[in-house]
Amino acid sequence: MFLLCLLAGCSICWFNTVCFVLCIRNFPSNRPLALALTVSFNGVSAALYTLAAKAINPSSPSLYLLLNSFIPLITSIVSLVPILRQPPLDPLPSEAVRRDQFIFLILNFLAVITGMYLLLLHSKDLDTARILFAGAIFLLLLPLGIPGIIYARKWFHRTIYSSFTLEGSGFILIDDEDLELHKELISRHNSVANGLGNNSADGDDLTKPLLKQDSGSNGSCCNGIIEKDKLAMLGEEHKAKILVRRLDFWLYYLAYFCGGTIGLVYSNNLGQISQSLGYGSSTSILVSVYSSFSFFGRLLSAAPDFMRRKFYFARTGWLALALLPTPIAFFLLAATGSSLPLHIGTALIGLSSGFIFAAAVSITSELFGPYSVGVNHNILITNIPVGSLLYGLLAAIVYDANAGGSGSGLAAAVGGGGGFGTDSVVCMGRKCYFTTFVWWGCISVLGLASSVLLFLRTRFAYDHFEQNRISSTLDD
């Protein structure tokens, strides 16, 4: 079991890294949207696998493991050819950028439909499960028809209604120049040419006035923490040695460690939690709820880019807002053990952690450089195994203490068979996870505070970039 978990963890890291690098390199103008879609479908996989197992053979527990073994292998082999035969990464013309925007609009629409389908529809019997599974497969394969839709749209635009265009439409959510961070901000020497900097061509002369401009005369400790060594611009490359020396990175690390990771640990313990609260028969539904809301949270991570024209807010600020539902959910779970709060808390944790998982890649590339994102993001997510160990150990200690009779939870013996003393004790009742939920809620408050501090330290860099983007647009 340990070896299988080790191999699975390594595979997930490789899968995610390849997907992130491909999105950043191939969709520079729509990078956050591509990342959000990629990570969002990763979040809905648990609900899909559960539905597939029910449709094929609901009485076979090993079928779920077989699906998790063969489906990633098959999809990897199929996707290997287009990954290896990538076209040259030349700058896209404005028409191609608008085409990609239209494609992402369709993909987001299909993703919402897929998530609602898996969230709202549940199978009662084998026949219904097979029908629902066929519908889910159809929705997942539907994006493969988008190239035909694009060509049909071009033909319609050219021959039927030549005056129809998406320019100026409310569906154009992104300017062509807006999201090319790695072209506009990577080089300090190019900042003057792009209208993003001052008159100085030296990078150090550029950043020093920016830091002084936003710093006040208040010498308080809090103001010193916010102002000291904060980022002056977005997109500046940070190698690993520089990364681990920055306070912004460790605030970011702590926010992820106390936010997204703790939500992931909750999902891993969801079966045991539901069993202890007396809702063991609803475990599959709770897993689907978490998976589906995590899916929607990952899609919502693209909200800053969809609303950029009408409302601008730093992406680190969105991260802080996304962390807010997690402590609320844990304190709600600690306050009551009924079915409705359990479902609501699971949905809130899934929504929050899903947003964090998807937004983190874009935040890493913006704060610490897009070309180093593969290494830097893997350094960031080292908090996942550490958090899984620590949070899981905390939950296990509290669970065993109540199951052993030191708490007020009820204990039930479950035979493991084999005659080697493998009987285990199952803790039943609210007390089994009450202390764990309180601790997890307090830890997530720490993550929320860390994300707010990160937002205050990076707000100036985001605001400065947005102001220069607007001024560059007006000059053009």
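Two nonpolar cores

Q: Which residues does Tyr-256 touch, not counting residues up to four places away in sequence?
A: This is a predicted model: local features need pLDDT of at least 70 and side-chain atom pairs count only at pLDDT 80 or more, while totals for chains, interfaces and linings use all residues. Residues are numbered from 1 along each chain as its sequence is written, and side-chain values use heavy atoms, with hydrogens and water left out. With contact meaning heavy atoms within 4.5 Å, Tyr-256 touches Thr-261, Ile-356, Phe-357, Ala-360, Leu-380, Ile-381, Asn-383 and Ile-384.

Q: Which helix gives the most to the largest nonpolar core?
A: A nonpolar core is a set of buried Ala, Val, Leu, Ile, Met, Phe, Trp, Tyr and Cys residues joined through side-chain atoms within 4.5 Å. The largest has 57 residues, and Leu-118, Tyr-252, Tyr-256, Leu-367 and Leu-380 touch the most other members. With ten residues, the greatest contribution to this core comes from helix H19 (residues 339-368; a DSSP run of H or I, at least four residues, numbered from the N terminus).

Q: How many residues are in the second, separate core?
A: Tyr-266, Leu-270, Leu-277 and Leu-333 are among its members. The size of this second core is 27 residues.

Q: Is Tyr-266 buried or exposed?
A: Tyr-266 lies in helix H13 (residues 260-268). Its relative accessibility is 0%, and the cut-offs are under 20% for buried and over 50% for exposed, with partly exposed in between (1.4 Å probe, protein chains only). Tyr-266 therefore counts as buried.

Q: What distance separates the C-alpha atoms of Tyr-266 and Phe-437?
A: Beyond its neighbours within four places in sequence, Tyr-266 has contacts including Phe-330, Leu-333, Phe-437 and Trp-440. Phe-437 is 171 residues from Tyr-266 along the chain, and their C-alpha separation is 9.5 Å.

Terms used:
Helix = DSSP H or I, 4+ residues; strand = E, 2+ residues; numbered from the N terminus.
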